[in-house]
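Subject: Structure handover

Hi,

Here is the structure for you to look over. My notes on the fold and the salt bridges follow below it.

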Amino acid sequence: MDAHESNAPRRAVLDDVDRRLLDLLRDSARTPASELARAVNLSPASVSRRLERLERHGVIRRYVTVIDDRAAGDLTAFVEIRLTGDTETGVLEEALRDMEEIQDFFTLAGDPDVLVRLRVRDVDHLQRVVNRIRRTGKASGTKTLIVMYAWSRSENTSP
């Protein structure tokens, strides 16, 4: 069993109100409970209890600010990683967990085994990070993709 499998959350039971609250929070995590309550026809106290339950069950893991990396002068890149021999994905996950440049870590079915999303300052920084991944001894190969432009459904603004 991979290390991450033991950390996998159990699927929470969500009703239509919970799903609507999550949709509203995806648009803006700063939406006040009173405004959420109006949108779902519940009291602010009831909405607060629902949000606390969603947090407790790991459905809501954190509230974040979405930063445009390009506007901030950073690069976004993806690195496809193929694992050596019988290396489990959880072993690589642990080896990479402290790398602050890694924003997202995905295990995949098929080829490659792992995909990571990086935020780096420039191409030289990117090269150093990819070299660190390779030096873990867990990767038999990598492929790096630099993001030229991006948009997201989770953002309210147009590209």
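A residue counts as buried here when its relative accessible area is under 20%, as exposed when it is over 50%, and as partly exposed in between. On that basis, 27% of the 159 residues of the chain are buried. Please keep in mind that this is a predicted model.

Fold first. The chain has five helices and four strands. Along the sequence they run α-α-α-β-α-β-β-α-β. Now take the contacts between residues at least 6 apart in sequence. Of these, 62% join residues at least 24 apart. The surface comes next. About 11000 Å² of the chain is exposed, and carbon and sulfur atoms supply 47% of that area.

Now the charged pairs. Side chains of opposite charge can pair when their charged atoms come close. The cut-off is 4 Å, from a side-chain nitrogen of Lys or Arg to a carboxyl oxygen of Asp or Glu. By that rule there are eleven salt bridges. Three of them are worth walking through.

E80 and R82: their side chains form a salt bridge, at 3.4 Å from N to O. E80 has a relative accessible area of 15%, so it counts as buried. R82 comes to 24%, so it is partly exposed.

E93 and R97: the closest N and O atoms of this salt bridge are 2.5 Å apart. E93 is buried, with a relative accessible area of 14%. R97 is partly exposed, at 49%.

E101 and R132: here the N to O distance of the salt bridge is 3.5 Å. This pair links distant parts of the chain, with the two positions 31 residues apart in numbering. E101 sits in the loop between α4 (89-96) and β2 (102-107). R132 belongs to helix α5 (residues 123-134). Which of the two partners is buried? E101 is, since its relative accessibility is 8%. R132 has a relative accessible area of 33%, which makes it partly exposed.

There is also a network. D15, D18, R50 and R53 are joined into one by salt bridges that share partners.

To recap the three pairs:

- E80 is buried, while R82 is partly exposed.
- E93 is buried, while R97 is partly exposed.
- E101 is buried, while R132 is partly exposed.

If you open one pair in the viewer, try E101 and R132, the link from a loop to helix α5.

Best wishes

Methods
Residues numbered from 1 in each chain as written. Predicted model: local features only at pLDDT ≥ 70, side-chain atom pairs only at ≥ 80, totals over all residues. Heavy atoms only, no water. Buried < 20%, exposed > 50% of the residue type's maximum accessible area, 1.4 Å probe, protein only. Contact = heavy atoms within 4.5 Å. Areas by Shrake-Rupley, 256 points an atom, 1.4 Å probe, with all protein chains shown as cover.
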